[in-house]
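Here is a short tour for someone meeting this structure for the first time. Please keep the sequence and the model side by side while reading.

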Amino acid sequence: MSSRPAAGGGRWIEVDPTRVARWVAGFADRHGPPVASPQGYGLLLTAGDGATAELHLPPGGGTGAAAGQVDDVPGFVDEAVAPRRLGLLLARKGAVAVGVALGTELLVSKVDTRYVQGRTAAGGWSQQRFARRRDNQARAALGDAAELAVRLLLPEAATLAAVVCGGDRRAVDTVLADRRLAPLAGLRAERLLDVPEPRHAVLVGAITAARAVHILVRDPGPERP
């Protein structure tokens, strides 16, 4: 479980789907039994002391037969832990990793790297020449990444509940801007995973992050609007 401050107040907590019920029980112990109300993102819990917890379903959650029917914590947990077929696309500089996961299992994957020159401290014409070379290398690497996504992910588009991306947002945006990948772009989840340079182990670890339940917690207090 990880936590980070939220814009506008409160904090985001990432919880494994199998631990959500335990987390809610702890929330109730701290703030009193909450009232649950369905929301477009999942479920809102409001405790007697004014504390709230927004339980956001993982990518692909709420899009199947259970869409619109998550009205209590047990229903939310059932939907959150359900195994889904997810596409994964991680991109940074000259490295890309793509894969298809079902639940916690990585079914197929491919990692590719291409050399992209680092920045140079040289000035003048030399610096411009190196910058052009670096830009060309970066474009070629992202072109390779798009081809990889076309080969591995595009044929699976109809079976995917969502496509979860990670790494550098600009690199991911560039890859998915390829017109051939429009079906995948339409499945892209809102969350962007913070991952290091894509490798196979990073791709495997991304499955856990992609399936996590995001919870926005706001405690009662005078600072709340």
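Of the 225 residues of the chain, 42% count as buried. The model is a predicted one. Its secondary structure comes to six helices and eleven strands. Contacts across the sequence matter for the picture too. Among contacts with a separation of 6 or more, 60% join residues 24 or more positions apart.

**The start of the chain**

Strand E1 covers residues 2-5, and strand E2 covers residues 11-15. The two run antiparallel and are joined by four bridges. Together E1 and E2 form a hairpin, with five residues between them. Gly 8 sits in the turn and has a positive phi of about 90°. Across the pairing, Ser 3 stands opposite Ile 13 in E2.

Which strand does E2 pair with over five bridges? That partner is E11, residues 213-218, and the sense is again antiparallel. Here Ile 13 stands opposite Ile 215 in E11. Ile 13 therefore has an opposite residue in E1, namely Ser 3, and another in E11, namely Ile 215.The hairpin also carries a salt bridge. Glu 14 pairs with Arg 4, and their closest N and O atoms are 3.2 Å apart. Glu 14 lies in E2 and Arg 4 in E1, so the pair ties together parts that are ten residues apart in sequence. Glu 14 is partly exposed, at 22% relative accessibility. Arg 4 is partly exposed as well, at 36%.

**Salt bridges elsewhere**

How many salt bridges does a search of the whole structure find? The search finds ten. Side chains of opposite charge can pair when their charged atoms come close. The table lists some of these pairs.

| Acidic residue | Basic residue | Closest N to O distance |
|---|---|---|
| Glu 14 | Arg 4 | 3.2 Å |
| Glu 79 | Arg 84 | 3.2 Å |
| Asp 173 | Arg 188 | 2.7 Å |

Are Glu 79 and Arg 84 buried or exposed? Both are buried.

Arg 188 and Asp 173 meet at 2.7 Å, N to O. Arg 188 lies in strand E10 (residues 188-193) and Asp 173 in helix H4 (residues 169-176), so this bridge ties together parts that are 15 residues apart in sequence. Arg 188 is partly exposed, at 26% relative accessibility. Asp 173 is also partly exposed, with a relative accessible area of 35%.

Salt bridges can also link up. Glu 147, Asp 178 and Arg 180 form a network of them.

**Helix H1 and its aromatic pair**

The structure holds one aromatic pair. Trp 23 and Phe 27 form this pair, and their rings are stacked. The centres are 5.5 Å apart, with 15° between the planes. Where do the two residues sit relative to each other in helix H1? They are four residues apart in H1 (residues 20-31), so about one helical turn separates them.

Trp 23 counts as buried, because its relative accessibility is 10% and the cut-off for buried is under 20%. Phe 27 is buried too, with a relative accessible area of 0%.

Trp 23 has a charged neighbour as well. Arg 30 lies over the face of Trp 23, at 5.9 Å from the ring centre.

**His 31**

His 31 also lies in helix H1. His 31 counts as buried, at 15% relative accessibility. Which side chain makes a polar contact with the side chain of His 31? It is the side chain of Asp 49, at 2.8 Å.

Asp 49 is also one of the residues that His 31 contacts beyond four places in sequence. The others are Ala 47, Gly 48, Ala 51, Asp 219 and Pro 220.

**Gly 167**

Gly 167 is found in strand E9, which covers residues 162-167. With a relative accessible area of 10%, Gly 167 is buried.

How many residues in sequence lie between the positions of Gly 167 and Leu 90? They are 77 residues apart in sequence, yet their C-alpha atoms are 5.5 Å apart in space. Leaving aside residues up to four places away in sequence, Gly 167 touches Ala 91 and Arg 92. Gly 167 also touches Leu 192, Leu 193 and Val 195.

Definitions and conventions
Residues numbered from 1 in each chain as written. Predicted model: local features only at pLDDT ≥ 70, side-chain atom pairs only at ≥ 80, totals over all residues. Heavy atoms only, no water. Phe/Tyr/Trp six-rings, centres within 6.5 Å; stacked < 30°, edge-to-face > 60°. Buried < 20%, exposed > 50% of the residue type's maximum accessible area, 1.4 Å probe, protein only. Lys NZ or Arg CZ within 6 Å of the ring centre and 35° of its normal. Polar contact = N/O pair within 3.5 Å; in protein donor to acceptor, adjacent residues only side chain to side chain. Contact = heavy atoms within 4.5 Å. Salt bridge = Lys/Arg side-chain N within 4 Å of Asp/Glu carboxyl O. Pairing = 2+ DSSP bridges.
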